[in-house]
Every structure is written in C-alpha cells, then in structure tokens.
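Reader: I would like to practise reading a model from its backbone upwards. Could you walk me through some features, step by step?

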Amino acid sequence: MQLSLLFSFEEKELVVPLSTRSFLSTVSVSPLKGSSFSEEYLAELRNVLLVDINRNGSCFVEARDGTDFHVDLELTGKGLSALVELKRGGVTKTLGPYSLCGSLPSDRRILHTFHDDLAQIITGKRGIASTRLLFAIQFPEKTPQGYEWRSEIWESDYDGENTRQVTQERSYCINPVFFSSEGEFTKGKFMYVNYKKGQPKIYISSFDSPRGNPFLSLRGNQLLPTLSQKGDLIAFISDASGRADLFIQLFSRNHGPVGKPIQVFSYPKSVQASPTFRPDGKKIAFVSDKNGTPRIFLIDTPYPGRDVSTHPICLTKNYRHNTCPAWSPDGTKLAYSAMIDGIRQIVVYDFLTQEEIPLTRGSSHKENPTWAPNSLHIIYNTVDHSSSELYIINLKQKEPLQITSGPGKKHYPAWEPTRGPL
Amino acid sequence: MKKYSWLFAALGIAFLTSSCQSNSNTVWEDTKTMGRYLHRKGQLLWKQDVDSKMIESADEFNGPQEEEYIPLKDEDLRRQFADTSIPQPKEVPGAIGSSIPSIDQFVKPASHLASLYQNLYFNTDEHVLRSKEYYKNIANIAEYMKKNNDTYIFVSGHCDERASEAYNLALGTRRANTIRNLLIKRGVNPNHIYTISFGKEMPSDLGHTQEAWAKNRRVEFKIFEKKGSK
C-alpha cells in the first residue's frame, strides 16, 4: 500500500497522521551511553523507553536501518536529550534535556515523560506513560479469631512500577477515583470507598495522608463512585432509600459537594450499579438488572431546566451479564465486562458503529476496565481462583500485558485523567 | 389481568423455548428478561407511564429542605410497591455525635444468640429467601429484637464469586435490605437495623464449587446491645 505521510512543522511539531496507515510506525533507538551512570543502569533506563514505545499503540521499536523514525539518545552529564529524525524526509527535532538523578524510580518517571514528549512528536498526540494508576489490593490479615479481609489503596506508574500504598486505614478500601480537576478541595487528593465505620462511605484523602474522611452526607451504603470529566458531578450507588439506586451529587473542586444528593434512577426488584458519565456529563451509563440479566443502560443526567428522560435506554444487547461500564474520555466508546462463553471478557461498545466488539479472550475473568486519557489504552483486572492482577491492553495491540504481580488481589484500577487539553 | 401479564408472557416464552438446545439457565434468563420487558410494555400500553418530565425550577431541583436527598418523582415508584423500599436509619454508626458506635463495637452473636442470628442463604443472583425455615428465623429475630429494645444489628449482604465485583456490591445491598424489610414488616424498629454490602469481597468459603458458592450467597448478622455497652 502506498503510504502518504503528511509531514509538517505546524506549531513547531512534526505531525504524522496515522489514519491512512493500517499498521504502526517503526522507530529505531540508539544506545544510551554516558559516564555519569553505569552501563547496566543506562541499559535499564533505555529499556523503559523501549517498552513505552512498544506499548503506546502508535509505533514499535525495530533494530534495523530504514525505520520510519530514528531517535538518537544523548547523555551529557546527567542531562538526557535526543535528536528525533523522520528518516524519509530528513526532518529532525530535538528533545530535552531531561535531568536524570540516578534513582531508578525517579528516572523511570523521567523516561516516561520523555516518551510522552516523543510520542507528541511522532504521532501528534502526547503519550500516556507518565500518567499514574490507583487500585485496591485485598489481603487477609491474621487476627486472634482467624483472619480478616483488608483492602487498601495503592498507586503506581501506568506500567505497574513504583507502587506505593496511599491509604493505611486498616479497613476495607476499594473503588479509588482520581479527581479530574484540581481546586482547593481536591488538590492532591483522591476519593475511594471505605468500610471503616461499617457501612461503605465515599471518602476523600490526600496522597500524602494515610487516612481520609467521608464527605457525602447520606445515610446507607455509598458505593461505586465516579466523577464527570469536568469534575462537577459525582455519580454513585446508594441504598439510602432502601434500594440499590443511582444517585448524583453536584460537586465543586473548590468547595466539595454542592447541595443534596439527587436520586436519579430506582426500579423495584432490581439492582443498579457502576455508573459512568459521558464526557460532556449529560448522560450516565450504568448497570441495571431491571429487565433480567444485568445490562448497560443510558439515562439523562438531571439538571435544572433540562428536559430529561426518566426511562433509561438499554444499550448493550449482544452478550449476557454486562457490568462495569467505563466511558472513554473521547466519548466514542464504552468498555464493559460481559459474559462470553462462560467467561467475563472486556467488550468495547462503539457509539459510531453501534457494534459490541470483544477486546479480550482467554480463560480468566476480566473486570473493571478503566480508560487511559488517550481513549486507546485500557487497564482491567483479572479474577482467577489463585490471583487477581492488572493488565494493560490497547485497541490496536490486543495482546494484554500483565503489569502487577506479588501477593494480594489487585482490583478496581483507576487511570489518572489528563488535566487540561491532551 | 395486567398484574399477570408478565406471567403469561413468561410461560409463553418458556413453552416456545422448551425445544431449544439451550441449557436451563439460559432459558430462565431469557424468560425473566422477556417477561419483565413485556410487563413493562403492557404498562406503557395502559398509559401508566410517562416518558419524560421537565424539571421546572431550581426549587423542584433542590427538593424539600427537610429531605436528606432529592427523591425521584417517578410514577413507577409510587405504583409498584410490592417491593417496599424503607429508607435507611438517618443516624450513621460511628459518625461524630452518633449514639450508635461503628461496626467495631458490633459483635458476632455468641452463645444462645448464635442459633437465633444464623446466616441466611440465597439462590444464585436472587435476593428472595427460598426456605420456609429462614422466614421462621426472621420471625424469631424480630420477636427477640422487639423484646430487647436496646439491640441494634448490622445485616451484611454477601455474594458468590461468579458475577463481577462491582455488580455484586450492589446485589449485596439488595440482599441485606430484603432481610431488613422483612424484619421491619414484623415490627422491628427500622432505626435499629443497618445494612452493609460486601459483594463478593469477603467469602466465607474460599472454594470454587457449587457448595462453596452456596455458602457465600448469604447475609450475616452482627449485634450491639446498647444497655451492655460501657
């Protein structure tokens, strides 16, 4: 196929639209050499970059001449810089310098940032390697009576490295959520569900503080919170009325909750679960079993002066037991978990084609998909008899990569949103 | 007649699908889904429903001052009260100023109370107790709680591992609230019963067999005797 690469210097960036290409671009990367760090250390750092490139869904590394791009790495003292060259046009652009410090956790993050800037040059879209994840790890804790289940919230880089426990509630904490906009109330904080006092409540905590506080005044269980992209609405499930109903709460990044929670949908003899907002906040997708097996429904978000439908529309019809919907940040897709041949797989509903496309296969159950800010990558957790781990996959490279290991059940992943334009 | 429309639809579908090669679970799921769907369409036919409503003003949007949250005005909820919903107690256990302590102070019933507050078990994906014995248990718990006015309980709903974690969290609330409603219908003070959902997060049996799943689809009780507290 004849490739037509459009190459320009608009806004001082090389833009290569890939829409006309049916495969990924190829990149060659020079060795990383310098006297400030050991050869092994530099090889490890270079490998971080190679993995980022190979998993970014836009290009991959090839060790040969004639690749689409060549990245010439340079290390001057502790400063990493690069010359990026489009081989066919002879056009070049420089990156850096990025200051390395010799500490692998910190330098990994610098390499992730380096990759994201490189992706901006190569694809026109910033990469997602410098974003972070939140997730819960469940583990049994020995007590005089036997054992008790505990769960705490952890954070990590997007590739599962640099893990750090961010809550120490000695309780059961699940469902972490990043705030999508930072203000006086939300700066440096995240929300999650905590069973500390018995009934699960939505808590807010700082990344620097081991314990959080409840911040929604509502009786009963508060479960499965999600935030709108603008950060002005929280949706969650509560049994305040005696049923598992869908609620929303108006929210200000500077002042916290605004007004009272609003009951959005309830239905006799049914269960509502897992809300997710359309990026404009005007619709909510959620799970309901009101018609039998759990399926994904769409309902209007209530707002003063809006003519809202109080009857949700069933969206997913091809598979059974549809749960855990997650709306992509660009609004074009919905990822969810569905039972296919007895196994819960991740399926993507495409709003443009109205197709329901299975993304994963294999024998493990998969749940809780969460989208990267680029609407291309998804992280989900598996649920096996012996373990539960996080995996990353993207819509162009459908081979999942396990990103966590070790003791404890890792689940409920949440991907850090981009704050501001991509 | 309308009341039984879903039943007729369900029987019809069950008959039509009886010759298919699908397994019994699939037929049952189809039947339930179609039955509910037709019931719903029947209601629309009799114009018992409206499709949309306009929120007219900020006052309507904000709701009455005395309410803790702004309730739905959906006609469905007024009409279909076969499934009673009874609001949770307003007092939050363990909250500052609350007279009810957090769950740490609630204990698993011991000695003579252990046989009273036995775990109750459910069928797959259901929230209705199937055994008559369990309804006797509920009646006994209700009698005890009415006589012992200082007893507060946590009813925790649990699920087996087969559905997703998130859905099970919601299903657990449904199971716990079903038991709470049964106790309230038998005269127990609603403010003495709290529900909690653990979904499938805390299995009592770590196995992966039918027997293990049956043990995990349950509600458990924890109690707090206020008079005995220090």
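Author: We will go from confidence to sheets, then to backbone geometry, and end with a loop glycine.

Reader: Where should I start, and what is the mean pLDDT of chain A?

Author: Start by noting that this is a predicted model. Chain A has a mean pLDDT of 88, with 92% of its residues at 70 or more. Two stretches need caution: the pLDDT is below 50 over residues 1-13 of chain A, a stretch that has 17 contacts in the model beyond near neighbours in sequence. Residues 15-22 of chain A are also below 50, and there the model has 16 such contacts.

Reader: Now the sheets. In which order do strands 13, 14, 15 and 16 of chain A lie?

Author: The order is 13-14-15-16, in an open sheet of chain A with antiparallel pairing. At the edges are strand 13 (222-227) and strand 16 (256-265) of chain A, each pairing on one side only. Ignoring direction, neighbouring strands of this sheet are turned by 25° against each other on average.

Reader: How many bridges join strand 15 to strand 16 of chain A?

Author: Six bridges join them, and strand 15 covers residues 245-252 of chain A. To see the register, find Ile248(A): its bridge partner in strand 16 of chain A is Ile262(A).

Reader: And which strands are at the edges of the sheet 26-27-28-29 in chain A?

Author: This is an open sheet of four strands, again with antiparallel pairing. Its edge strands are strand 26 (365-371) and strand 29 (401-402) of chain A. Strand 29 pairs with strand 28 (residues 390-394) of chain A over two bridges. Two bridges are enough here, because that is the minimum for two strands to count as paired. For a landmark, look at Ile392(A), which stands opposite Leu401(A) in strand 29 of chain A.

Reader: Let us turn to backbone geometry. What is a useful background for judging phi and the peptide bond?

Author: Most residues other than glycine have a negative phi, and most peptide bonds are trans. Here is a case to set beside that: the bond joining Gly96(A) and Pro97(A) is cis, with omega about 10°. Pro97(A) belongs to strand 5 (residues 91-99) of chain A.

Reader: Where is Gln354(A) found, and is Gln354(A) buried or exposed?

Author: Gln354(A) sits in the loop between strand 24 (343-350) and strand 25 (355-358) of chain A. Its phi is positive, near 60°, though the residue is not a glycine. Gln354(A) counts as exposed because it has 9 C-beta neighbours inside 10 Å.

Reader: What about Ser375(A), where is its place in chain A?

Author: Ser375(A) lies in the loop between strand 26 and strand 27 (377-383) of chain A. Its phi is about 60°, a positive value in a residue that is not a glycine. Ser375(A) counts as partly exposed, because 19 C-beta neighbours lie inside 10 Å; a residue needs 20 or more to be buried.

Reader: Finally, which residues is Gly34(A) in contact with, leaving aside its neighbours within four places in sequence?

Author: Those contacts are Leu42(A) and Leu75(A). Gly34(A) is found in the loop between strand 1 (25-29) and helix 1 (39-54) of chain A. With 18 other C-beta atoms within 10 Å, Gly34(A) is partly exposed. Look also at Glu74(A): its C-alpha atom is 7.9 Å from that of Gly34(A), although the two are 40 residues apart along the chain.

Terms used: Residues numbered from 1 in each chain as written. Chains lettered and ligands numbered in written order. Predicted model: local features only at pLDDT ≥ 70, side-chain atom pairs only at ≥ 80, totals over all residues. Buried ≥ 20, exposed ≤ 12 C-beta atoms within 10 Å, placed from the backbone. Axes fitted to C-alpha atoms, helices over the stretch in contact; angles between N-to-C directions. Contact = placed C-beta atoms within 7 Å. pLDDT = per-residue confidence, 0-100.
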